[in-house]
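User: I should like to go through the helix packing and the internal cavities of a model. Please set each value against the criterion behind the term used.

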Amino acid sequence: MHIEVIAGGKRHCLQAQAGAMLSGCLLDAGLMEGTECGGQGVCGKCAVKVLSGELEPIDETQAVLPDGKVLSCRVRVAGDAVVEIASGQDDVKRKVGLFELCKKGRPEDGPVQKQFVTLAEPTLRDQLSDLERILAKVGKNRKFSHSLLPELPGVLRQARFAVTAVLMEDELIAVEPGDTRDQCYGFIVDIGTTTIAVYLVDLNSGAVLEAEGLANPQRIFGSDVLTRITAAATPESRRKIQKLTVDGIAEAMQRLMRKRDLRAEHAYIATVVGNTTMSHLFLGVDPANLAVAPFIPCHRSRVQLKAKAIGLPMHPEAAVHVLPNISGYVGSDTVGVAMATKFWEQKGVSIAVDIGTNGEIILGFKGRVLACSTAAGPAFEGAHIQQGMRAGEGAIEKVRLDDDKVELGVIGSAPPQGICGSGLIDAVAELLRVGLLDERGKLVQNAPDSPLAKRVRVGARGIGEFVLAYAGELGNENDLVLTQKDIRELQLAKAAIAAGIQVLQSEVKNILAGEPVIDRLYLAGAFGNYLDREKAVALGLFPGIAADKIIPIGNAAAEGAGLCLLSLGQRKMADRISMFVTPVELSARADFNALWIQAMAFPKPAA
């Protein structure tokens with residue numbers, strides 16, 4: 001069957017089998033991001049407009065929406081068809097920035113060394129073997145990879161015994177003809193629940209040459225770690241999820257190498273970070289016990305494997321290091337943040353918060369580090385929001401209410417299509433500021449002193465909502481609204497972060513026998529780069545911490561992974577840190593629940 005898809009004014013032609021789910025066709029073609037409900041027909045985020053052709057609904061009442069669109073996860077291909085989908089995909093390129101790595105340069109203790117050597121040619125008097133000949137130059141006690149032996153005689157003679165030895169720590173892993181010392185590369189891989197970031201690094205200079213982000217292919221199984229864990233219940237499903245993940249990373253690596261016209265065999269090392277569930281799924285490990293108390297991971301320590309063993313396009317003997325986890329819900333990405341910020345070296349009390357589907361929080365003081373993870377939910381990613389979307393073209397990322405006007409900042413040149421996390425925070429903070437939202441999070445109807453009160457109404461589903469843009473006002477097809485339910489989703493998410501911070505503060509208070517003064521809060525991740533700090537403080541996201549103490553630091557998880565890529569000493573430090581950090585399990589604490597309920601309310605707006 002022939003399916004024509006119109007997205008962002010561009011036409012794409014797909015071939016599909018009769019009976020195939022339309023959502024699967026769109027996902028396979030990369031034309032649609034994942035859904036929040038894993039294809040159960042609940043979230044509505046896979047809706048498409050059918051312009052012509054034949055699609056067969058699984059359930060008419062569920063498949064067809066009130067506006068005439070259909071859920072692509074509830075219709076099958078029955079013939080040729082033409083459909084139109086929203087163009088706003090996740091702008092993953094906004095999420096891959098590293099702040100400091102390329103500025104620090106290459107340390108002296110890099111794990112990969114390349115030595116150019118000129119060997120004496122064998123003679124009747126010099127009967128050393130080819131392997132002995134090169135080991136004598138680079139260190140006769142070194143280990144060697146057996147994989148280099150089959151081609152070694154030909155390489156030496158082709159190159160007239162002028163070759164480059166590639167050394168991985170104490171092992172000779174390759175012998176290359178000629179002088180290839182300037183071709184030495186590695187990768188950083190940050191596997192987020194929503195987005196995977198991949199960086200190509202020059203191991204000689206320490207510079208990041210290229211970076212690319214991709215939507216995590218696991219998204220087809222749902223938007224959060226619990227749905228992914230459920231989806232990985234069988235060995236077959238785990239293999240499928242692992243393959244999806246590795247294939248996505250491999251394709252990104254290949255694209256980055258092609259941009260620089262580099263060869264895969266000159267990439268010798270990769271470091272990988274992610275939350276504990278992502279680490280398990282990347283390695284094909286059963287994550288089931290992460291979902292039930294006492295939340296015990298299969299492994300915490302760093303895992304090292306060869307690139308050829310997992311299928312990454314690098315030198316076959318390249319080392320892939322999956323950095324250590326801290327606990328069942330505090331993963332190697334948090335180790336990366338700790339490495340990037342080096343809490344143990346700083347004076348006073350420091351906090352770092354990495355906001356995503358899960359909110360990882362670490363607190364450091366007097367050489368000690370505490371960490372927790374709180375289930376903030378996907379609201380900050382625009383999920384579980386009626387017209388929410390990820391931060392891509394057409395997403396509202398800024399909102400300003402001024403007298404009788406609503407000013408919207410939209411990503412890209414497209415008309416607004418929905419609202420992403422930073423826009424959600426902006427909108428709710430502005431409603432609170434102008435008195436259209438009370439401290440309990442309830443929209444105020446008929447506010448007498450606000451010219452914007454007319455935009456507060458009861459929606460078609462009987463739920464209160466605020467109109468951000470009427471249909472056609474900014475080129476948008478439908479009314480764009482923020483509902484009472486959306487505001488509640490934000491309250492749940494921000495309360496989880498705030499309560500997690502307060503629990504860690506209470507741990508410090510118990511140790512110091514006094515109220516801790518927070519000297520700085522590092523805001524890690526892409527969300528932090530685009531977050532309006534003043535508005536986040538106004539909503540109570542960071543309780544008791546002033547906006548001028550909040551420091552965005554970019555992708556600190558990948559930053560820390562980069563330090564481990566370039567330095568043996570930093571990698572050993574990460575191993576120690578994972579055991580040194582004290583995990584705080586929030587699910588077992590009554591005070592967390594009490595603080596979470598308390599943090600649902602918004603602070604009273606400043607006069």
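User: At what angle do the axes of H10 and helix H15 (residues 556-566) cross, and within what distance do they come?

Analyst: In this predicted model, the two axes cross at roughly 75 degrees and come within 6 Å.

User: Why is H10 called roughly perpendicular to H15?

Analyst: Angles of 65 to 115 degrees count as roughly perpendicular. The crossing of H10 and H15 is at roughly 75 degrees, and therefore H10 is roughly perpendicular to H15. On the H10 side the contact is made by Asp333, Gly336, Val337, Met339 and Ala340; the H15 side includes Ala556, Glu559, Leu563 and Cys564. By class, this contact has 8 nonpolar, 2 polar and 2 charged residues.

User: What makes H10 and H16 oblique to each other?

Analyst: The axes of helix H10 (residues 332-341) and helix H16 (residues 568-580) cross at roughly 120 degrees and come within 10 Å. The roughly perpendicular class covers 65 to 115 degrees, and roughly antiparallel requires over 145. The angle of roughly 120 degrees falls in neither class, so H10 and H16 are oblique. Their crossing is right-handed. Val335, Ala338 and Met339 of H10 meet Gln570, Met573, Ala574, Ile577 and Ser578 of H16. This contact of H10 with H16 has 6 nonpolar, 2 polar and no charged residues.

User: How do you know that H15 and H16 are oblique to each other?

Analyst: The axes of H15 and H16 come within 5 Å and cross at roughly 125 degrees. Since roughly perpendicular ends at 115 degrees and roughly antiparallel begins over 145, H15 and H16 are therefore oblique. H15 passes H16 in a left-handed crossing. Leu563, Cys564 and Leu566 of H15 make the contact with Leu568, Gln570, Arg571 and Ala574 of H16. These residues divide into 5 nonpolar, 1 polar and 1 charged.

User: What makes a space in this structure a cavity, and how many are found at 30 Å³ or more?

Analyst: A cavity is a set of points where a 1.4 Å probe fits but cannot get out. The search of the whole structure finds 4 cavities of 30 Å³ or more. The largest cavity has a volume of about 560 Å³. Among its 31 lining residues, Asp354, Ile355, Gly356, Glu381 and Ala526 are the closest to its centre.

User: Which element gives the most to the lining of the largest cavity, and how does the lining divide by class?

Analyst: H13 gives the most, with 3 residues. Elements that each supply at least two residues include strand E16 (349-355), helix H11 (421-433) and helix H13 (526-530). The lining divides into 11 nonpolar, 12 polar and 8 charged residues.

Conventions. Residues numbered from 1 in each chain as written. Predicted model: local features only at pLDDT ≥ 70, side-chain atom pairs only at ≥ 80, totals over all residues. Heavy atoms only, no water. 1 Å grid on protein atoms, 1.4 Å probe; cavity = no way out; pocket = protein on both sides within 12 Å on 5 of 7 lines; lining within 4 Å. Points joined across faces, edges and corners; volume = space filled by probe spheres on them. Helix = DSSP H or I, 4+ residues; strand = E, 2+ residues; numbered from the N terminus. Nonpolar A, V, L, I, M, F, W, Y, C, P; charged D, E, K, R; others polar. Axes fitted to C-alpha atoms, helices over the stretch in contact; angles between N-to-C directions. Parallel < 35°, antiparallel > 145°, perpendicular 65-115°, else oblique. Left-handed = near helix turned anticlockwise from the far one by under 90°. Contact = heavy atoms within 4.5 Å.
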